[in-house]
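Let's walk through this model together, beginning with one residue and then widening the view.

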Protein chains: 2
Amino acid sequence: MAFDKSLLAGSTGMLILKLLSREDMYGYQMIETLATLSDDTFSLKAGTLYPLLHNLEENGLVTCYEAQAGQARVRKYYSITKDGRKALEVKETEWQSFTETVNKVLKGGVSYAY
Amino acid sequence: MAFDKSLLAGSTGMLILKLLSREDMYGYQMIETLATLSDDTFSLKAGTLYPLLHNLEENGLVTCYEAQAGQARVRKYYSITKDGRKALEVKETEWQSFTETVNKVLKGGVSYAY
DNA sequence: TTCGATATATCGATTATCTATATATAGTAT
DNA sequence: ATACTATATATAGATAATCGATATATCGAA
C-alpha cells in the first residue's frame, strides 16, 4: 500500500461488492482487478480477501459456486445477492457522506472564526 | 457514528493534527470541535482520543502544556510541532490519493470492457 | 445539594488489516 | 525432466484503531 493501510478499513468490503456487482469473479481475479483498476495502488492481500469473502458469504451478501478451470483446477466464483446489492448501496452512500465530512473538516480552517 | 466506524481508522490522527494546526486545543475541546465541524457526524470518543494524543506526543508530533481553568481545574493543551505539520501534510496527500483511487474503482464500472 | 456537563484517563473487547505459512495446480524456461 | 514462477485458496498469529465501560474529579445551575 502506498498509504496507511488502516485507511482501507471498512471500505474493502464495499470495493469487493462493487466488483461483484459488475460480474461474478473468483478471489484471485478480484485481487488482480482491484490492482488494475487502482493503478497498483491497492494490493489487497490474499490473507485479507479470503476471510472477507467467507464473511460476506456467511452474511448472505454473496454466494459461491465452483467452476472447472483446467483438468484438476477448480475456481470458486462469487456472485452478489440481492441483499449484497442493498448493502453495497448503503456502503456507497456512507462512503460519500464520510469523505465529504472529512473534507469539510480539512477545508474548515479558513472560514472559522475563533 | 452515522457510518461504519472502521471508516475512520487512520484518518482520526490527521483530523486531530488538522485542528491543532489552527490553534492549540485541549482534548475535550477537540471532541466538541470535531462534532461541530462535522455537523455531529463525528462523535470521537474520549477512550479513542486520549490514547491517541499520548501517542502523538510520544512520536513528537504534538507537545503538551497545562493551563489553569478555574480554581482547581487544569486543562492539558496540545500544540502541533514542526514534525507534526510535516506529518499532517503527508497524511493529507495520502488521504486525497486514497479517496481518489476508491472513487475511481467505484466509478470504474461502465468504462471497463470485460 | 444534587445532577448534568466538563475534563482526563485506562482497560478490555471488537474488528480489519497484515505477514507468514501451507497446499496444490499450471505454465515456462533451463 | 526439473525447477522456478504464477495461479489459486486457506488459516493462524500479530498489529493497530476503534469502541464501550468504568473511574475520578471539577464546575455550574436548578
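**A lysine, a helix and an axis**

Start in chain B of this predicted model, where Lys18(B) lies in helix H1, spanning residues 12–22. Is this lysine buried or exposed? Its relative accessibility is 14%, so Lys18(B) counts as buried, the cut-off being under 20%. Which residues does Lys18(B) touch, leaving aside those up to four places away in sequence? Two belong to the other chain, Val105(A) and Leu106(A), and Leu88(B) and Glu92(B) come from its own chain.

Now cross over to chain A and look at helix H2, residues 27–37. Eight of its eleven residues are buried, so this helix is largely enclosed by the rest of the structure. Among those buried are Met30(A), Ile31(A), Leu34(A) and Leu37(A), and the list also includes Gly27(A), Gln29(A), Thr33(A) and Ala35(A). What do they pack against? Within chain A the partners are helix H1 (12–22), strand E1 (25–26), helix H3 (46–58) and strand E3 (74–80), while chain B contributes helix H4 (82–107). After H2(A) comes Asp39(A), with a positive phi near 50°.

Finally, step back to see how the two chains are arranged. A turn of 180° with a shift of 0.0 Å along the axis lays chain A on chain B with an RMSD of 0.0 Å. The two copies are therefore related as by a two-fold rotation axis. In chain A, the C-alpha nearest that axis belongs to Ala9(A), at 3.1 Å. Of the interface residues of chain A, 100% are also interface residues in chain B, so the copies meet through the same surface.

How values were computed:
Residues are numbered from 1 along each chain as its sequence is written. Chains are lettered from A and ligands numbered from 1 in the order in which they are written. This is a predicted model: local features need pLDDT of at least 70, side-chain atom pairs count only at pLDDT 80 or more; totals for chains, interfaces and linings use all residues. Side-chain values use heavy atoms; hydrogens and water are left out. Copies are superposed by least squares on the C-alpha atoms of residues with pLDDT of at least 70 in both. Contact means heavy atoms within 4.5 Å. Helices (H or I, at least four residues) and strands (E, at least two) are DSSP runs, numbered from the N terminus. Buried means under 20% relative accessible area, exposed over 50%, partly exposed in between (1.4 Å probe, protein chains only).
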